[in-house]
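Let's take a friendly walk through a protein model, stopping at a few spots along the way. Keep the 3D view open as you read.

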Amino acid sequence: MFPAKTRFLWLGLFVIVLLIGTPFVLAQAGTPISISETAQLAKLEQQVADAKGSADNAWMLTSSALVLMMTGPGLALFYGGLVRKKNVLSTMMQSFAMMAIVTVLWALFGYSLSFGSGGSFVGHLHHVFLRGVGTQPDVDYAATIPQQTFMIYQLMFAIITPALITGAFAERMKFSAMALFMVLWSVLVYDPMAHMVWGKGGLLNAALGGRFPTLDFAGGTVVHITSGVSALVCALYLGHRVGYPKEPMPPHSVVLSFIGACLLWVGWFGFNAGSALASSSLATSAFVATHFAAAAAVLGWGGAEWLRNGKPSALGAISGAVAGLVAITPAAGFVGPMPALAIGLIAGVACYHMVATVKIWFGYDDSLDAFGVHGAGGTLGALLTGVFASSAINPIFKNAQGNPLPSGLLEGNAHQLTNQLVGIGVAWALAIAGTLVALKIVDATIGLRVEEEQEIQGLDLSLHGEEGYQWDVPTYDAAGD
């Protein structure tokens, strides 16, 4: 036996070990951690959430800038180079004016009509004058970015859409008429269509329980079908330019259009990949699909033109790129790279024949082929989205247990084609009706077309009192020196 003193010493050591080791053992067994440790974990989780929010916000602000760049300088240069040199400034001015006019409308009531919660066809006026649109997210739309960021991003779509229409009536509409028409068109066509497809409670909203869930990731129906069909209505209503089609009216600078098309291609990454509303893997997928479709469409349009005319043109190449970008817009967030190539190739060939064949058959003067590219390309893209959409890319449809459901026809969801056709039909009908009403109002109040003398002189001088180019003509003395 140990002496009493030794026994007490060992007993003391045992108690000390027990006191020290028990909390560690219990913690390992799942005992709740201390209050300080809980606070540290909560702080770490908040820092992770803040970092993600900052990354998403940075990407969305960058995307907003890219989409604005699509209008000016992208579309302004693209359209400006396609007209005759006497109309280059007036054409570019129309795109630039949209950047100012639509912004003011959007701040006053456009955002509220488009994205305010409301009925099936248009939003309520909860956000007039941007009331309640601040730095907190609207979780129904984008949970990690301020609502103000979401608002300014969507504004850039509202700017470029009416600007696309100007290509149809280039070189013959009064500037004042254009401005009033675009105000009316934005209210009658764009805002309701944006709400139906993307707004809370919208008839066609696929993410928030619309009656006919139409897949439109970045604006095939909202942007391209509405603008393209409206462009055709404008072209038919205004009639031909003076001298069309007997007089040749070639682009005055394909170089300007080439630069504009390249800017559009780059800006379109903000248009499509930005529509993921986060710096996520879905944004990457949409980015890849966008690029692949544009490249395939260049080959489709260029190849069709080469076979028909014996030569591929630069104008054909850039037109093909835009056609592919248009067609992939509704599908960008729903399809993988290979379907994107197919959509682009089909769109390139189809849009070429709309411009080179169908327009000639019917004889309408769609000056810069806004309908042939945007109307036809947007319609084709919206339909093909219903064919190729994949739940593996974007599981937008789910059952009651949260499991993904098939998205497109090739996955077994044939009914989605019906929904896509409904969305296409609504976009066509709204664009035709709204455009006719707006044109009638403008025509009855201030008139639409410039005088024939003004059109012959050119809209740069007759409407704006300036010229796009000042040519320095050398002077010679009597001896010819």
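## A leucine to begin with

Is Leu277 buried or exposed? Leu277 has a relative accessible area of 16%, so it is buried. Keep in mind that what you're looking at is a predicted model.

To find Leu277, go to the loop between α7 and α8. Its backbone is worth a look too: phi of Leu277 is near 60°, which is a positive value in a residue other than glycine. Most residues other than glycine have a negative phi.

Leu130 has a phi near 60° as well, again a positive value in a non-glycine residue. Look for Leu130 in the loop between α3 (88-115) and α4. With 23% relative accessibility, Leu130 counts as partly exposed, because the cut-off for buried is under 20%.

## Two cis peptide bonds

Now for the peptide bonds. Most of them are trans. Here, though, Gly72 and Pro73 are joined by a cis peptide bond, with omega about 15°. Pro73 sits in helix α2, which covers residues 35-82.

Another cis bond links Tyr244 to Pro245, and there omega is about 0°. You'll find Pro245 in the loop between α6 (220-238) and α7.

## Where α7 meets α8

Two packed helices are described by the angle between their axes and the distance between the axes. Let's try that on helix α7 (residues 254-272) and helix α8 (residues 281-309): their axes come within 9 Å and cross at roughly 140°. Angles over 145 degrees would count as roughly antiparallel, so α7 and α8 are oblique to each other. The crossing of α7 past α8 is right-handed.

Which residues of α7 and α8 meet? From α7 come Trp265, Trp268, Phe269 and Asn272, and from α8 come Ala286, Phe287, Thr290, His291, Ala294, Ala295 and Val298. Sorted by class, that contact holds 8 nonpolar, 3 polar and no charged residues.

## Where α9 meets α10

Next up are helix α9 (residues 314-328) and helix α10 (residues 337-362), whose axes come within 8 Å and cross at roughly 125°. That makes α9 and α10 oblique to each other, and α9 passes α10 in a right-handed crossing.

On the α9 side, the contact is made by Ala323, Ala327 and Ile328, while α10 brings in Ala340, Ile343, Ala347 and Cys351. What classes do the residues of this contact fall into? There are 7 nonpolar ones, no polar ones and no charged ones.

## Inside the core

In soluble globular proteins, nonpolar side chains tend to be buried together. The largest nonpolar core in this model has 119 residues, and the members that touch the most others are Phe169, Phe181, Tyr190, Phe271 and Ile328. Ile328 may ring a bell, as it is part of the contact between α9 and α10.

What does Phe271 touch, leaving aside its neighbours within four places in sequence? Its contacts are Val67, Met70, Tyr153, Phe157, Ile160, Ala218, Val223, His224 and Thr329.

## Three more buried residues

Buried residues aren't always nonpolar, and Thr166 is a good one to click on: it counts as buried because its relative accessibility is 0%. Thr166 lies in the loop between α4 (147-165) and α5 (175-198). Setting aside neighbours within four places in sequence, Thr166 is in contact with Tyr79, Gln94 and Met182. If you'd like a distance to check on screen, the C-alpha atoms of Thr166 and Val222 are separated by 17 Å, and these residues are 56 apart along the chain.

Thr379 lies in helix α11. Its relative accessibility is 19%, so Thr379 counts as buried, since the cut-off is under 20%. Beyond its neighbours within four places in sequence, Thr379 is in contact with Ile225, His374, Ile424 and Trp428.

Last stop: Asp369, in the loop between α10 and α11 (370-388). Is Asp369 buried or exposed? At 17% relative accessibility, Asp369 counts as buried. Leaving out neighbours within four places in sequence, Asp369 is in contact with Val355 and Lys359.

Definitions and conventions:
Residues are numbered from 1 along each chain as its sequence is written. This is a predicted model: local features need pLDDT of at least 70, side-chain atom pairs count only at pLDDT 80 or more; totals for chains, interfaces and linings use all residues. Side-chain values use heavy atoms; hydrogens and water are left out. Axes are lines fitted to C-alpha atoms, for helices over the stretch in contact, and angles run from 0 to 180 degrees between N-to-C directions. Helices (H or I, at least four residues) and strands (E, at least two) are DSSP runs, numbered from the N terminus. Angles under 35 degrees count as roughly parallel, over 145 as roughly antiparallel, 65 to 115 as roughly perpendicular and the rest as oblique. A crossing is left-handed if the near helix is turned anticlockwise from the far one by less than a right angle, and right-handed if clockwise. Contact means heavy atoms within 4.5 Å. Ala, Val, Leu, Ile, Met, Phe, Trp, Tyr, Cys and Pro count as nonpolar, Asp, Glu, Lys and Arg as charged, and the others, Gly among them, as polar. A nonpolar core is a set of buried Ala, Val, Leu, Ile, Met, Phe, Trp, Tyr and Cys residues joined through side-chain atoms within 4.5 Å. Buried means under 20% relative accessible area, exposed over 50%, partly exposed in between (1.4 Å probe, protein chains only).
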